[in-house]
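Hello,

The structure we spoke of is below. My notes on it follow.

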Protein chains: 2
Amino acid sequence: MEELYEPLDEETLFIVSQTFKALSDPTRIRILHLLSSGEFSVTEIANRLSLLQSTVSHQLRFLKNLRLVKYRREGTTLYYSHDDEHVLHILEQTIRHAREH
Amino acid sequence: MEELYEPLDEETLFIVSQTFKALSDPTRIRILHLLSSGEFSVTEIANRLSLLQSTVSHQLRFLKNLRLVKYRREGTTLYYSHDDEHVLHILEQTIRHAREH
DNA sequence: AAATTATATGAACATATATTCATATATTGA
DNA sequence: TCAATATATGAATATATGTTCATATAATTT
């Protein structure tokens, strides 16, 4: 029997699980989905999604640590945008898939 | 400014988050990755991945509920295999992406 | 420098989750 | 029906996680 299966090393496993963990929370999904259409400040995100500023900030830190989002500063305002085409593509792909029942 | 952003309804959000939650745990990732190469019994999975039979069984139930795996019976043995090409494709895609650093 | 606005942070809390152990269930064969 | 084998299940536990509240930090304007 031929074996096309390659066991996963710890590092790969960690990266993959972290990536999907980022996409496993409804709040983070909504934030990333919003950011797929452009850049928004923390307050804008909170208002659009009816979330507390603190909640958004915490989740943005999470996404920032995984380099899924980035920001630029303009005065006191931080404009966040997505920073990982691959992950965003997977998310949008899965959203479409889910919408087809 | 044109708006290409479509808010996510609750149901879609739930399906998407559940799907990614399934892929966010190292044990489930290893199981699904193994099943990408064929069908295996619960005991085989446990042995190959050095996991307790109980752990594997619990996680298979989780994956079964989300219809990510299916099984066929042969005597007392249950052979599990994957049951969602789309999700498996996303997983393998992300594994390859992670392996490229 | 003080006030204002925007964002980040830490602690506390409630909830969710993964694993383990012990045991139950199910199928087969003697 | 009893023994053997394979799998499932439930309770217990430890840990992880998301949200909230209060407050801190940072940049700007007056």
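Which residue of β3(A) is the bridge partner of Glu74(A)? The partner is Thr77(A).

This is a predicted model, in which local features need pLDDT of at least 70, side-chain atom pairs count only at pLDDT 80 or more, and totals for chains, interfaces and linings use all residues. Residues are numbered from 1 along each chain as its sequence is written, chains are lettered from A and ligands numbered from 1 in the order in which they are written, and side-chain values use heavy atoms, with hydrogens and water left out.

The hairpin. Strands β2 (residues 69-74) and β3 (residues 77-82) of chain A run antiparallel and are joined by 6 bridges. Strands here are DSSP runs (E, at least two residues) and helices are DSSP runs (H or I, at least four), numbered from the N terminus; two strands pair if DSSP finds at least two bridges between them. The hairpin has 2 residues between its strands, and Gly75(A) takes a positive phi near 70°.

The interface. Chain A and chain B each give 35 residues to the contact (heavy atoms within 4.5 Å). About 3,400 Å² is buried between them, 71% of it on carbon and sulfur atoms; this is the accessible area (1.4 Å probe) lost on putting the two together, summed over both. On the side of chain A that touches chain B, the elements giving two or more residues are α1 (10-22), α2 (26-35), α3 (42-49) and α5 (85-99). Of these, α5(A) gives the most, with 10 residues.

Regards
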